[in-house]
Amino acid sequence: MPILGTLLKKGIRIRESLEQEYSNPYDLQKQELKKLLITASQTQFGKYYDFDKVLKSYRELDPKAFFNLYKELVPIHNYNKMYKDWWQKAQGGKNDVCWPGKIRYFALSSGTSEASSKYIPITRDMKRAIQKTSIRQILSLSKYDLPSEIFQGGILMLGGSTHLNNRGSYFEGDLSGIQAAQLPFWFQHFYKPGKKIAQTRDWDEKLTEIAKKAKEWNISIIVGVPAWIQILMEKILEHYQVDNIHEVWPNLTVYVHGGVSFDPYRKGFKRLLGREIHYIETYLASEGFIAFQAKPDTRSMKMVLNNGTFYEFVPFEEQNFDDNGEVLADAPTYMIDEVEEGREYALLLSSCAGAWRYMIGDVVKIVSKEEAEIVITGRTKHFLSLCGEHMSVDNMNKAIEMLSDELNITIREFTVAGIPHGTLFAHHWYIGTDADVDPNVIREKLDGYLKELNDDYKVERIAALKEVLVDVLPVSTFYKWMESKGKVGGQHKFPRVIKSHQYDDWKEFIKTIDS
């Protein structure tokens, strides 16, 4: 049995995991912010916003003096403000801008809200932090009742190309590609598809090469975004002319997923598998490794509180955000000890990548305050509230899952737009499925499920939300649109809510596909 399997079987945990287990969340986060402020105090950002002053406040008797002063001195930043005022300088080769030293890597990230790419700095400390948290998650598998065979197998990580773009003063690429290009030596034994295939930039070529090699590998764990893992498995089944993936990888036992809700993909995965496997959710964003599912039989994830990131929580309520989903400058923010269970919050991060009070765009619900456990419920820009219906991505995912179950169909992608309808409003849904299904049936059932799940939606369907429109499209249409935007594979996801110019662009694209 390889060393990893030995460690897992013995239930080994590293110091950081034990430290979090035996400390309260507030103490961990208080210390984490102090470490970040000390490290960055002599950077341009740290001097401009007087980090030294915040650090001196740690000596005061008031346990929240440091936090109140930090909020007073440092404004909330969205991506545009952070990039324009600070990160752009680091991208141009300047040292000590928001974090000590020179930034050698930038992760390209569009999230799912913006049409253009964002450049997120990846520092040496952030790469190290992500690796540490990855190890913590792997070692948490000791809590699962797993057969010993899986510890001898490989881990297939389906991410972006490790062949990064050299821009002179920095390299750019997907976060998954940046991390995979510099895996620790001890992990090389387990990692698939290996360096050569991982460098492939053409996504279809990469999937084809993996499919050809698939039977040579004993894969026990797969990691990746659901849509692309599903496409890969279908390609493998077609290549070998088999009925399910377990005929190729009999020891496949764990799927680690993140980026989007897995619920809409659950039925499609079940059809590709020969038996049940463990689904483990992870919350790894371009801005850092935020949380992971640390125990079986739960869908919540434990936040990582002592590894390079300080969190603030903004109540996700109308008075704290503008119409575009941007947090208002005077919105209240809270530390982990001040949140309420069952309530939704938008996340702000301060991190060892040089992000400071930075709105990541995700919305989470607190499941356990004591254990710092959360679930992701959506994004600040991915909700519809044209007239007070307050429909979240969480509502959408659940309704699609219920619809798939009742009609016994696989819906792999969907998006919805809020549009004018006469003097009032309508929701326009686009459903991605290759099943032969009547759009009117989907419309009726989807509308009914959303009324069950959301009282505000139910009320507005009587009032201002006058119509629900549904178009059923082949799944390939969604992926072709992403390809046309240069967003194929890796961490790219189709937006669940499509707004403004993207909606017009999407409609025009569909016309070209149909013609």
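Which residue lies over the face of Tyr279, and at what distance from the ring centre? In this predicted model, Arg266 takes that position, 5.5 Å from the centre of the Tyr279 ring. A second arginine, Arg496, lies over the face of Phe414, at 4.3 Å from the ring centre.

Aromatic rings also pair with one another: a search of the whole structure finds 37 aromatic pairs. Such a pair is described by the distance of the ring centres and the angle of the ring planes. Two of the pairs are set out below.

| Pair | Distance of centres | Angle of planes | Class |
|---|---|---|---|
| Phe45 and Tyr49 | 4.7 Å | 50° | tilted |
| Trp203 and Trp228 | 5.8 Å | 75° | edge-to-face |

The planes of Phe45 and Tyr49 stand at 50°, so this pair is classed as tilted. Both Phe45 and Tyr49 are buried. These two residues also belong to one aromatic cluster, which is formed by Phe45, Tyr48, Tyr49, Phe51, Trp86, Trp99 and Trp356.

The planes of Trp203 and Trp228 are at 75°, and the pair is therefore edge-to-face. This pair links distant parts of the chain, since Trp203 is in helix H11 (residues 203–213) and Trp228 is in helix H12 (residues 226–240), 25 residues apart. Trp203 has a relative accessibility of 9% and so counts as buried. Trp228 is likewise buried, with a relative accessible area of 4%. The contact between helices H11 and H12 thus involves an edge-to-face pair of tryptophan rings.

Terms used: Residues numbered from 1 in each chain as written. Predicted model: local features only at pLDDT ≥ 70, side-chain atom pairs only at ≥ 80, totals over all residues. Heavy atoms only, no water. Phe/Tyr/Trp six-rings, centres within 6.5 Å; stacked < 30°, edge-to-face > 60°. Buried < 20%, exposed > 50% of the residue type's maximum accessible area, 1.4 Å probe, protein only. Helix = DSSP H or I, 4+ residues; strand = E, 2+ residues; numbered from the N terminus. Lys NZ or Arg CZ within 6 Å of the ring centre and 35° of its normal.
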